Amino acid sequence: MTAPSAQFVTTIGLEIHVELKTRTKMFCGCPVAFGGEPNTRVCPVCLGHPGTLPVPNEKAIELTNKIAMALDCEIAPHSIFHRKNYFYPDMPKNYQISQYDIPIGSRGSLDMEVGGESRWIGITRVHLEEDTGKSVHVGGGGRIREAEYSLEDFNRAGTPLVEIVTEPDITSAEEARVFAQELRSILEFLDVSDVRMEEGSLRIDANISVEAPGRSGTKVEVKNMNSMRSVFRALEFEEERQRNALMNEEELVQMTRHWDEKSGVTIPGRVKEYAFDYRYFPEPDLTPIEPSIEWLRQLQEELPELPIAKRRRWMEELGLGPYDAQVLTSSPGVSVFFEETLEAVKDANPKQVANWVANNLAGALSDTGERFSDLKITPSQFAELMDMVASGEINASQGKEILSAMLLTGTSPGSIAEERDMRQVSDRGELEAVVDEVISNNAEVADRIRAGDMKPFGVLVGAVMRATQGKANAAVVTEILKEKLGAS
Amino acid sequence: MPITRKDVDHVARLARLALSEEEKAALEEQLSKILAHAERVTSLDTEGVPPTSHAIQLANVARSDDVVDPLSRDDALANAPAAEEHQFRVPRILEEEE
Ligand SMILES: [Zn+2]
């Protein structure tokens with residue numbers, strides 16, 4: 001018996017960890033950075049030496065409150081830290097300082113759009129904790145079970161870490177990806193984290209279960225999704241796996257599975273999960289967090305315009321299409337670049353500029369893997385290019401060629417156009433001479449057009465463009481040709 | 001509710017303590033007494049009293065986000081029972097069967 005796929009219901013909840021962009025760790029003054037020589041950013045506190053005491057980083061508390069506010073959470077007037085007790089060598093205290101029953105933020109939501117439809121995803125909680133160190137397993141091919149021993153680097157131990165948990169409101173792999181991208185954009189606009197998945201400053205785990213009529217779902221945790229693309233692929237794979245199992249009446253087991261990017265499948269972790277008992281209890285070494293109303297109000301005022309609000313505003317005020325608006329609000333780098341270009345342009349209109357930034361410029365950057373913050377060119381140089389295109393000084397394909405050169409060298413579009421002799425020719429006198437020559441060289445075609453057959457008209461326009469090495473203003477050429485051949 | 005041997009085994013396992021049979025027997029009795037003592041507190045009327053996590057009336061103790069020089073790596077590793085490649089060397093983390 002097979003059920004049609006429309007009867008399956010997929011339920012996904014996400015758990016996101018974000019390393020905060022503070023100068024120092026959560027409970028000690030050791031500097032926070034990515035990579036570096038092992039155990040060069042450690043002290044007695046983050047190494048868990050006996051007798052040391054943690055002191056919370058006020059900046060980390062501030063940034064967590066900002067995240068909670070941006071996700072429309074209720075902010076706890078009184079929240080506390082807990083100890084989460086378990087043994088693992090990357091955590092030298094044998095407990096992680098985390099939050100338990102009273103997180104900083106709870107009951108929030110994230111507003112996003114999927115396929116033009118507005119979707120609200122509930123946020124269960126936003127809490128603050130500390131990150132662990134990093135283990136390298138030696139022997140046994142680097143696999144933890146077969147390893148002879150492990151090596152521990154505690155540079156990352158104690159880095160401020162925010163955990164964001166969603167309600168199980170997500171219904172597809174695509175929605176999960178949109179949520180993850182929207183959240184990443186929000187965190188970037190808030191300037192609270194580097195949000196680099198490849199460096200682990202943004203980590204996404206998921207719970208997914210598929211139900212069929214009369215068959216309840218089995219919750220499977222999916223880990224090790226190291227890019228936005230792998231979030232989508234892993235969840236799509238897992239959804240399909242569970243659907244197939246339901247259709248074939250196979251038993252599904254609650255477990256953790258790891259996404260394997262290379263083979264494109266999720267691999268079962270330990271099936272026999274022993275029930276964790278973390279023996280949470282209030283951290284006696286830390287005082288409660290009790291933000292004042294004035295301080296919260298001030299933070300609220302400091303919140304930037306969030307990407308979805310900016311997107312809707314630009315679509316409304318500037319008439320941008322949804323795709324362009326989406327790309328232009330995906331990170332603060334591209335947003336600021338677009339805004340500053342708009343301020344600097346004279347002739348180009350916002351839609352044109354948006355289109356160039358979202359397609360040509362963003363496309364060129366994604367090809368090289370660069371970010372807008374790595375750009376060699378300034379918004380005013382880009383604005384100059386936009387004006388050259390808008391005024392007809394150069395045509396679109398020349399504009400693209402100039403843009404490529406600008407991205408490499410960082411020089412102004414004017415000087416590149418000069419250097420390459422690329423100014424578009426719009427001068428009637430100059431073009432009329434070329435048109436006359438083309439007509440006399442293509443007498444037969446010209447006669448057909450004079451007789452009212454417009455089909456070969458493009459041949460003549462093309463011939464003029466070739467004769468001018470693509471520099472002719474096509475609109476002016478068309479106009480002259482029509483006049484000379486009495487066509488309309 | 002008295003503590004059973006099963007409870008003692010469970011708590012010892014969580015704390016990674018290897019206990020002898022005599023120790024377990026003693027702890028079974030002692031832990032039961034401690035719990036019984038704590039249970040006396042529950043007989044108090046706490047209606048309207050918010051849960052207390054800290055005995056001191058203090059909140060928002062925090063520090064500014066300023067870097068303090070970390071330990072030198074040699075100092076950091078000085079007390080490690082084993083070190084290798086400037087890292088702490090630890091025994092195999094997961095046994096074949098937990
Ligand atoms: Zn430290």
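**Exercise 1. Assign A:Arg107 to an exposure class and describe its backbone setting.**

Solution. A:Arg107 has 13 other C-beta atoms within 10 Å, so this residue is partly exposed. The model is a predicted one, and in it A:Arg107 belongs to strand S5 of chain A, residues 105–114. The next step concerns the backbone: the phi of A:Arg107 is positive, about 55°, although the residue is not a glycine. As background, most residues other than glycine have a negative phi.

**Exercise 2. Determine whether A:Asp191 is buried or exposed, and locate it in chain A.**

Solution. Begin with the neighbour count: 12 other C-beta atoms lie within 10 Å of A:Asp191. A residue is exposed if that count is 12 or fewer, and therefore A:Asp191 is exposed. Its location is the loop between H2 and S10 of chain A. The phi of A:Asp191 is positive, about 60°, and the residue is not a glycine.

**Exercise 3. Place A:Glu211 in its strand, list its contacts and trace the pairing of that strand.**

Solution.
- Step 1. A:Glu211 lies in strand S10 of chain A.
- Step 2. A:Glu211 has 16 C-beta neighbours inside 10 Å and so counts as partly exposed.
- Step 3. When residues up to four places away in sequence are not counted, A:Glu211 touches A:Phe8, A:Val9, A:Ser216 and A:Gly217.
- Step 4. By contrast with these contacts, 38 Å separates the C-alpha atoms of A:Glu211 and A:Ala147, which are 64 residues apart along the chain.
- Step 5. Strand S10 (residues 202–211) pairs with strand S1 (residues 9–19) of chain A over 10 bridges in the antiparallel sense; within S10(A), A:Arg203 stands opposite A:His17.
- Step 6. S10(A) also pairs with strand S11 (residues 220–225) of chain A, antiparallel and over four bridges. Here A:Asn207 is opposite A:Glu221 in S11(A).

**Exercise 4. Describe the overall form of chain A.**

Solution. Chain A contains 15 helices and 14 strands. Its radius of gyration is 30 Å, whereas a compact globule of 488 residues would have one near 23 Å. Along the principal axes, the C-alpha atoms fill a box of roughly 95 × 60 × 50 Å. Of the 488 residues, 40% count as buried. Turning to contacts between residues at least 6 apart in sequence, 69% join residues at least 24 apart.

**Exercise 5. Identify the residues that touch the most other members of the largest nonpolar core, and the element that contributes the largest share.**

Solution. In this core of 72 residues, A:Ile67, A:Ala176, A:Phe179 and A:Leu235 touch the most other members. The largest share, 10 residues, is supplied by helix H2 (residues 173–190) of chain A. Beyond its neighbours within four places in sequence, A:Phe179 is in contact with A:Leu14, A:Leu110, A:Met112, A:Ile121 and A:Ile170. A second core, separate and of 32 residues, includes A:Leu320, A:Ala362, A:Met388 and A:Met406. In general terms, nonpolar side chains tend to be buried together in soluble globular proteins.

**Exercise 6. Characterise the side of chain B that touches chain A.**

Solution. The contact involves 33 residues of chain B and 40 residues of chain A. On the chain B side, the elements giving two or more residues are helix H3 (73–78) and strand S2 (87–91). S2(B) gives the most, five residues. By class, this side has 16 nonpolar, six polar and 11 charged residues.

**Exercise 7. Give the strand order of the sheet containing S2(B), and explain why two of its strands are edge strands.**

Solution.
- Step 1. The sheet is open, has four strands in the order S7(A)-S8(A)-S2(B)-S1(B), and shows antiparallel pairing.
- Step 2. S7 (134–138) of chain A and S1 (83–84) of chain B each have a single partner strand, so one side of each is left without a neighbour in the sheet; these are the edges.
- Step 3. Across the chains, four bridges join S8(A), residues 149–153, to S2(B) in antiparallel fashion. A:Ser150 is placed opposite B:Val90 of S2(B).
- Step 4. Within chain B, two bridges join S1(B) to S2(B), also antiparallel, and B:Glu84 has B:Gln87 as its bridge partner.

**Exercise 8. Compare the span of helix H2 of chain B with its expected span, then state how many of its residues are buried.**

Solution. H2(B), residues 21–42, has 22 residues and reaches 32 Å from first to last C-alpha, close to the 32 Å expected at 1.5 Å a residue. The count of buried residues among those 22 is zero, and the helix is thus hardly covered.

Terms used. Residues are numbered from 1 along each chain as its sequence is written. Chains are lettered from A and ligands numbered from 1 in the order in which they are written. This is a predicted model: local features need pLDDT of at least 70, side-chain atom pairs count only at pLDDT 80 or more; totals for chains, interfaces and linings use all residues. Two residues are in contact if their C-beta atoms, placed from the backbone, lie within 7 Å. Ala, Val, Leu, Ile, Met, Phe, Trp, Tyr, Cys and Pro count as nonpolar, Asp, Glu, Lys and Arg as charged, and the others, Gly among them, as polar. Two strands pair if DSSP finds at least two bridges between them. A nonpolar core is a set of buried Ala, Val, Leu, Ile, Met, Phe, Trp, Tyr and Cys residues joined through C-beta atoms within 7 Å. A residue is buried if 20 or more other C-beta atoms lie within 10 Å of its own, exposed if 12 or fewer, and partly exposed in between; C-beta atoms are placed from the backbone. The expected span of a helix is 1.5 Å times one less than its number of residues. The radius of gyration is taken over C-alpha atoms; the globule rule is 2.2 Å times the number of residues to the power 0.38.
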